[in-house]
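Let's take a walk through this structure together. Keep the sequence and the 3D view open as you read.

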2 protein chains.
Amino acid sequence: MKTPPRPVTLADVGAKAGVSAKTVSRVVNRHPEVTPATRQRVEAAIAATGFKPNMAARSLATDRSFLIGCFIVNSHNFYYAELVRGAARASRRYGFHLVLEEIDADESVADYYHEKMRNIGYHGLILPPHYCDSAALLDALEEDGQRYVRISPAIDPDRSPSIYADDGQGVSELAEHLWRLGHRRFGVLAGPVGHLASTIRCDGFVQSLVRLGCSSSDIRIERPASWNSIAMAGRDVAERLLRTGERPTAIFCYNDELAAALIGYARDMNLSIPHDLAVAGFDDSETARLNWPPLTTVHQPIVEMAERAVGWLVSPEPSGQTICPVALKIRSSTDPDAVFIPE
Amino acid sequence: MKTPPRPVTLADVGAKAGVSAKTVSRVVNRHPEVTPATRQRVEAAIAATGFKPNMAARSLATDRSFLIGCFIVNSHNFYYAELVRGAARASRRYGFHLVLEEIDADESVADYYHEKMRNIGYHGLILPPHYCDSAALLDALEEDGQRYVRISPAIDPDRSPSIYADDGQGVSELAEHLWRLGHRRFGVLAGPVGHLASTIRCDGFVQSLVRLGCSSSDIRIERPASWNSIAMAGRDVAERLLRTGERPTAIFCYNDELAAALIGYARDMNLSIPHDLAVAGFDDSETARLNWPPLTTVHQPIVEMAERAVGWLVSPEPSGQTICPVALKIRSSTDPDAVFIPE
DNA sequence: ATGAAAGCGCTAACAT
DNA sequence: ATGTTAGCGCTTTCAT
């Protein structure tokens with residue numbers, strides 16, 4: 001590798017254009033008080049020299065970085081991958097750069113923020129589920145005046161800008177959909193205990209069914225004995241739901257991956273999907289689309305939510321105390337052509 | 001949000017400890033020439049004041065950032081997600097931060113680098129497949145003296161540090177494995193034309209079989225008519241491979257997602273997997289694990305490769321011209337307990 | 001509308 | 001072993 005060429009500075013450009021460095025700075029930053037004539041000359045000099053402003057110097061002088069930070073769990077997960085996609089795309093669109101901050105499950109986010117992130121001078125931070133519910137983190141951020149946006153927070157919805165998907169609405173529509181199809185006995189593969197989304201999805205689904213006239217005794221809720229393996233979790237619950245008691249004709253699973261695992265097992269039992277058994281998931285992930293027949297599922301506009309989060313972070317005003325409900329869509333597995341039914 | 005407290009500077013700490021700012025700097029940067037006594041005093045002052053060095057100032061002064069950049073495709077994809085996981089984790093371990101640079105499929109990476117990345121002063125860059133084969137980008141990086149590491153490059157293996165997975169070895173082992181199981185008629189669901197990994201996997205698989213004594217006429221290679229939908233691609237090829245001509249007893253698919261799609265279709269045909277038909281994928285992705293029975297597949301240590309890439313980037317020496325072959329592992333779907341067979 | 005000076009917080013290079 | 005000086009490249013403030 002060659003040694004890097006000496007970078008072009010504002011002063012270099014200024015010399016070339018016959019103006020001061022400050023004038024060049026004004027042009028670069030689109031200040032209005034510059035004569036069109038000088039502006040043109042400066043822009044020509046910028047183009048000629050290939051000048052690129054130095055981020056570090058700008059950050060030091062303005063005490064603002066052009067970095068957006070996003071907390072991320074340390075595991076392969078459709079939800080986070082989508083979130084990152086949206087955030088990266090939007091950051092780029094606004095001239096910012098997305099930094100990933102991977103936090104271990106067993107460590108304190110607030111501590112990590114203090115130790116490693118505070119000095120970066122992040123322009124804004126994205127707090128996806130889990131992190132957005134750490135009161136200690138929120139306290140630390142507000143103490144610093146650090147701008148942030150929360151995604152689907154479980155606590156203090158009015159505390160600060162937050163964007164969430166209306167899981168309750170989604171499962172309610174799903175319940176109606178299945179009920180309309182004629183299903184009367186249901187199973188639920190519930191998510192982890194204590195996980196808010198899990199509670200909302202499970203309870204919302206059940207309540208909607210009851211509201212439709214379903215008897216509680218016709219809804220069986222099962223939870224995997226262990227979460228170590230998604231495949232095993234799905235099989236475990238399938239075993240209980242399909243081998244014992246009166247078999248449900250429709251099962252709603254906490255997410256698509258669990259639904260896929262459950263379906264695999266059901267097929268081994270020679271059940272035809274969706275004829276003998278309808279299975280619904282949540283997230284509208286790759287898994288839901290790859291499965292055959294495609295999974296009934298609830299789509300969260302994750303990418304768009306992340307884009308909106310970044311949009312708020314880069315906007316001049318601290319984005320207000322807005323809460324943004326998001327429309328949900330249901331995809332039908334009984335119709336292989338998988339059309340979206342709008343809210 | 002409160003207004004941020006005035007940040008603590010080196011000078012502040014120095015005043016408190018009764019030393020110069022520079023001495024504090026030396027302590028922070030672990031310079032050896034500091035008396036244990038003063039070091040202790042300074043460290044106490046640092047702890048008391050809650051001092052955190054300012055990244056921007058440090059970057060400006062040293063002309064080094066603590067940022068690792070990683071080029072990323074704009075789509076949800078197991079491979080890139082894993083790569084990001086490994087890179088984020090390793091960056092963090094070394095005190096760096098990982099920045100994602102999402103590049104659209106239809107734009108020039110080299111141009112984007114010039115426009116948006118050059119002024120960041122990246123400590124190092126990770127070039128995953130596709131980007132690592134842009135000669136224009138490599139030229140631009142070397143012109144700038146920009147440190148970088150390539151992952152599985154298709155061109156110029158000796159040009160610069162690169163890390164690759166030995167796909168050829170993987171498919172060779174896979175071929176042997178299937179042959180040993182007694183398969184004699186094979187199908188291949190090939191990847192996109194012109195894609196290097198696709199060529200290596202397909203050709204390597206076929207050549208290995210031929211070497212084992214398989215007749216070329218017993219190996220049928222099929223390619224989806226369209227790549228718009230993975231599910232449809234899998235069905236498309238399955239249709240041709242399983243409905244026409246003599247049915248193969250084993251099919252190797254370019255990746256796990258295609259394999260899953262193909263399997264779904266095969267099951268609709270009432271073929272029992274793996275009894276009637278063995279299906280193998282590539283990547284060892286979530287899909288391979290969620291499928292039931294689990295997919296035969298070839299595992300790339302993607303996370304570890306990314307970690308190694310970062311390790312090279314942060315090491316003082318420009319990491320040499322080393323090429324790093326990586327061991328491959330094969331997982332067997334005929335054995336549901338999915339043990340790894342070491343190389 | 002433009003320029004000059006000062007300084008953001010840090011470190012390299014030279015003192016001592 | 002520690003302190004002093006002079007910037008890094010930019011922006012702010014205050015002149016003009």
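Which chain B side chain has an N or O atom 2.9 Å from a phosphate oxygen of DNA strand D? That is Thr38(B), in what counts as a polar contact (a pair of N or O atoms within 3.5 Å; within protein, one must be able to donate a hydrogen and the other to accept it, and residues adjacent in sequence count only if both atoms are side-chain atoms).

Before going on, a few ground rules: this is a predicted model, where local features need pLDDT of at least 70 and side-chain atom pairs count only at pLDDT 80 or more, while totals for chains, interfaces and linings use all residues. Residues are numbered from 1 along each chain as its sequence is written, chains are lettered from A and ligands numbered from 1 in the order in which they are written, and side-chain values use heavy atoms, leaving out hydrogens and water.

Back to the DNA. Chain A uses its backbone here: an N or O backbone atom of Leu10(A) sits 2.7 Å from a phosphate oxygen of strand D, and a polar backbone atom of Asn54(A) is 3.1 Å from a phosphate oxygen of that strand. Around DNA strand D there are 24 residues, and among those that come nearest are Lys22(A) and Thr23(B); being near takes a heavy atom within 4 Å. Of the strand D atoms within 4 Å of the protein, 61% belong to sugar or phosphate, and bases supply the rest.

Now zoom out to chain A. Its domain assignment lists domain 1 (10-62), domain 2 (67-164 + 303-323) and domain 3 (167-301), with bounds that come from an automatic or database assignment. The C-alpha centres of domain 1 and domain 3 of chain A are 60 Å apart.
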